[in-house]
Amino acid sequence: MANGSSPTEAPPSIPRRTTNGFTMPDTTPTNPLETIPTQAHQLPHNNIPNTPLSVATVSAALGIVFALGASLFVSGGVAGSWWATYQLGFFMAIWSFFHWAEFAVTAGWNREKLSVDSFLLDNGMTYHIAHAAALIEFFVTKFFWPHSKSHTAISIAGIVLVIIGQTIRSLAMIHAASNFSHTVATYKLVTHRLVTDGIYSYVQ
């Protein structure tokens, strides 16, 4: 090298292993953009590419849905529209926030299980059918029986319950940290412990 400077050494690579044809790091990734889980039972389904680009794209899409829904909710709905109501806006906002929060909390407190599937968007066909059925029910009811969706007190009660439920879930995930998993475990990990303190001492 010129001027007597020493060659720049490449950073050490993370040792990797292959499980079911999927290359995984042996330790917690040091790359903050890494989305490869370190536990075999946490492997992503790969229906959504498990890459930083996919994470950024999904996050942006969820952010757009949240912004549209929140705007619709705060504005009280679109005047003169039978379907673009504040209830639909809240549904859009809380749906997108839930999926974003699942990934964000996992990224912050449970990195070894983090993948693009942490958004829970690839959560099985029945999950999407349930949401589609809910939207269909809303539109059909709103069109044929519009007054059934005009009980503000019931809507407010539902909104409050959803916010409380989301808060409890996120706090529970944060407190459990690495002991929480989106995937049902079929065996006990050596590092796992049953969390019974904190928020879990009040809500199970």
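α2 contributes six residues to the lining of the largest pocket, more than any other element. That is where these exercises start, so keep the model in view as you go.

A quick note before you begin: this is a predicted model, where local features need pLDDT of at least 70 and side-chain atom pairs count only at pLDDT 80 or more, while totals for chains, interfaces and linings use all residues. Residues are numbered from 1 along each chain as its sequence is written, and side-chain values use heavy atoms, with hydrogens and water left out.

**Exercise 1. List the order of the elements in the chain.**

Step 1: Count them. You should find four helices and two strands. Helices (H or I, at least four residues) and strands (E, at least two) are DSSP runs, numbered from the N terminus.

Step 2: Walk along the chain from the N terminus, and the pattern reads β-β-α-α-α-α.

Step 3: Check how far apart the touching residues are in sequence. Among the contacts (heavy atoms within 4.5 Å) with a separation of 6 or more, 53% join residues 24 or more positions apart.

Step 4: Look at the outside and the inside. The accessible surface comes to about 12700 Å², and 69% of it belongs to carbon and sulfur atoms. Areas like this come from the Shrake-Rupley method with a 1.4 Å probe; for residues, only the protein chains shown count as cover. Of the 204 residues, 32% are buried. Here buried means under 20% relative accessible area, exposed over 50%, and partly exposed in between (1.4 Å probe, protein chains only).

**Exercise 2. Describe the lining of the largest pocket.**

Step 1: Get the term straight. On a 1 Å grid over the protein atoms alone, a pocket is an open set of points with protein on both sides within 12 Å along at least five of seven lines, whereas a cavity is a set where a 1.4 Å probe fits but cannot get out; lining residues have an atom within 4 Å of a point.

Step 2: Take the volume, which is about 440 Å³. Grid points are joined across faces, edges and corners, and a volume is the space filled by probe spheres set on the points.

Step 3: Find the lining. It has 19 residues, and Gln87, Phe91, Phe138, Lys149 and Ser155 lie nearest the centre. The elements giving two or more residues are α2 (86-109), α3 (125-144) and α4 (152-176).

Step 4: Sort the lining: eleven nonpolar, six polar and two charged. In this scheme Ala, Val, Leu, Ile, Met, Phe, Trp, Tyr, Cys and Pro are nonpolar, Asp, Glu, Lys and Arg are charged, and the others, Gly among them, are polar.

**Exercise 3. Now do it for the second largest pocket.**

Step 1: The space in the second largest pocket is about 270 Å³.

Step 2: It has 19 lining residues, and the closest to its centre are Gln42, Asp117, Leu120, His182 and Thr183.

Step 3: The lining splits into four nonpolar, twelve polar and three charged residues.

**Exercise 4. Is Ser115 buried or exposed?**

Step 1: Locate Ser115 in the loop between α2 and α3.

Step 2: Leave out neighbours within four places in sequence, and Ser115 is in contact with Thr35, Pro37, Pro44, Asn50 and Phe103.

Step 3: Its relative accessibility is 3%, so Ser115 counts as buried.

**Exercise 5. Compare the settings of Leu120 and Asn46.**

Step 1: Recall the usual case. Most residues other than glycine have a negative phi.

Step 2: Leu120 has a positive phi of about 65°, and phi of Asn46 is near 70°.

Step 3: Place them. Leu120 is in the loop between α2 and α3; Asn46 is in the loop between β2 (22-25) and α1 (52-74).

Step 4: Check the cover. Leu120 is buried, at 11% relative accessible area, whereas Asn46 is partly exposed, at 44%.

**Exercise 6. Which residues does Ser178 touch, not counting residues up to four places away in sequence?**

Step 1: Go to the segment after α4, where Ser178 sits.

Step 2: Its partners are Trp109, Asn110, Glu112 and Lys113.

Step 3: Ser178 is partly exposed, with a relative accessible area of 32%.
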